[in-house]
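Trainee: I would like to take a close look at a single part of this chain and then follow how the rest is arranged around that part. Could you take me through it slowly, with the residues named as you go?

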Amino acid sequence: EHDPITESDRTILGGRAYSSTPIDVKTYRSVANTVSVSGDTDLVAAVPGKRIKFFSRLFTTQSASAVTVILKSKTTGTVLFKATFQAISGSTSGVCGDSVTPPAFLGATAAGEALTINLSAAVPVDYTICYWADDAI
């Protein structure tokens with residue numbers, strides 16, 4: 001028998017990795033599109049019993065008119081992010097975004113609720129959201 005080589009919380013034995021602790025596997029997803037209507041638009045559909053946790057968000061607009069972007073939990077209306085931005089005169093776009101490394105997250109919906117965007121004006125806003133559906137804890 002060979003002595004196992006331990007690497008972090010995994011054990012390598014005979015070319016195979018064995019975990020000494022349970023691994024919580026997440027399926028990371030992204031959604032990207034353009035919304036241009038004022039009011040609410042669902043970005044990520046509700047998942048029964050799960051919270052939508054987002055770890056990256058990016059918004060851009062070419063509009064010279066200011067627009068307030070709100071990300072919220074659909075039913076409760078809990079605001080998860082809010083910013084007002086616009087393209088600067090002579091600029092191609094106004095940009096607003098940030099990200100963290102999972103398992104950290106920037107915001108999360110209530111369990112079983114969609115992630116919704118709300119625009120204060122009917123101007124085109126491009127968005128990219130990276131997220132995962134997580135147990136309601």
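Which residues in the largest nonpolar core touch the most other members?

Mentor: Please keep in mind that this is a predicted model. The largest nonpolar core has 23 residues, and those that touch the most other members are Phe59, Leu71, Leu115, Ile117, Val125 and Ile129. Several strands contribute to this core, since S4, S5, S6, S7, S8, S11 (115-119) and S12 each supply at least two of its residues.

Phe59 is a useful place to begin. Leaving aside its neighbours within four places in sequence, Phe59 is in contact with Val69, Leu71, Phe81 and Phe85, with Gly94, Val95 and Cys96, and with Ile117, Val125, Asp126, Tyr127 and Ile129. Leu71, Ile117, Val125 and Ile129, which appear among these partners, are also listed with Phe59 among the core residues that touch the most other members.

The setting for this core is a chain whose secondary structure comes to 0 helices and 12 strands, so that the pattern read along the sequence is β-β-β-β-β-β-β-β-β-β-β-β. Of the 137 residues of the chain, 35% count as buried. Among contacts between residues at least 6 apart in sequence, 77% join residues at least 24 apart.

From the core I would follow strand S12, which supplies at least two core residues and spans residues 125-135, to Trp132, a residue that lies in this strand. Trp132 is buried, with a relative accessible area of 1%, and takes part in two of the aromatic pairs described here, out of 5 that the structure holds. With Tyr28, Trp132 forms an edge-to-face pair, 5.6 Å centre to centre and with 90° between the planes. Tyr28 sits in the loop between strand S3 (16-19) and strand S4 (29-35), and the pair links parts of the chain that are 104 residues apart. Unlike buried Trp132, Tyr28 is partly exposed, with a relative accessible area of 43%.

Phe105 and Trp132 also form an edge-to-face pair, with 6.3 Å between the centres and 85° between the planes. Here the partner of Trp132 comes from the loop between strand S9 (94-99) and strand S10 (107-108), 27 residues apart from Trp132 in the chain. Phe105 is partly exposed, at a relative accessible area of 35%. Tyr28, Phe105 and Trp132 belong, with Phe55, to one aromatic cluster.

Trp132 leads on to the largest pocket, which has a volume of about 190 Å³. Of the 14 residues that line this pocket, the closest to its centre are Thr27, Lys50, Trp132, Ala133 and Asp134. The elements that give two or more residues to the lining are S6 and S12, and S12 gives the most, with 5 residues.

Two of these lining residues bring us to charged side chains. Lys50 meets Asp135 in a salt bridge, with 2.6 Å from N to O, and because Asp135 lies in strand S12 and Lys50 in strand S6 (residues 50-61), the pair ties together parts that are 85 residues apart in sequence. Asp135 is partly exposed at 41% relative accessible area, and Lys50 likewise counts as partly exposed, at 26% relative accessibility. Asp134, for its part, is linked with Lys26 and Lys53 in a network of salt bridges.

The structure holds 6 salt bridges, and another of them joins Asp40 to Lys72, the closest N and O atoms being 3.1 Å apart. Asp40 lies in strand S5 (residues 39-44) and Lys72 in strand S7 (residues 67-73), 32 residues apart. Asp40 is partly exposed, with a relative accessible area of 46%, whereas Lys72 counts as buried, at 15% relative accessibility.

Strand S5 also provides Asp42, whose partner Lys74 lies in the loop between S7 and strand S8 (79-85), 32 residues apart from Asp42. Their side chains meet in a salt bridge of 2.9 Å, N to O. Lys74 is partly exposed, at a relative accessible area of 43%, and Asp42 counts as partly exposed too, at 38% relative accessibility.

Conventions: Residues are numbered from 1 along each chain as its sequence is written. This is a predicted model: local features need pLDDT of at least 70, side-chain atom pairs count only at pLDDT 80 or more; totals for chains, interfaces and linings use all residues. Side-chain values use heavy atoms; hydrogens and water are left out. Rings of Phe, Tyr and Trp (its six-membered ring) pair if their centres lie within 6.5 Å; planes under 30 degrees apart count as stacked, over 60 as edge-to-face and the rest as tilted. Helices (H or I, at least four residues) and strands (E, at least two) are DSSP runs, numbered from the N terminus. Buried means under 20% relative accessible area, exposed over 50%, partly exposed in between (1.4 Å probe, protein chains only). A salt bridge is a side-chain nitrogen of Lys or Arg within 4 Å of a carboxyl oxygen of Asp or Glu. A nonpolar core is a set of buried Ala, Val, Leu, Ile, Met, Phe, Trp, Tyr and Cys residues joined through side-chain atoms within 4.5 Å. Contact means heavy atoms within 4.5 Å. On a 1 Å grid over the protein atoms alone, a cavity is a set of points where a 1.4 Å probe fits but cannot get out, and a pocket is an open set with protein on both sides within 12 Å along at least five of seven lines; lining residues have an atom within 4 Å of a point. Grid points are joined across faces, edges and corners, and a volume is the space filled by probe spheres set on the points.
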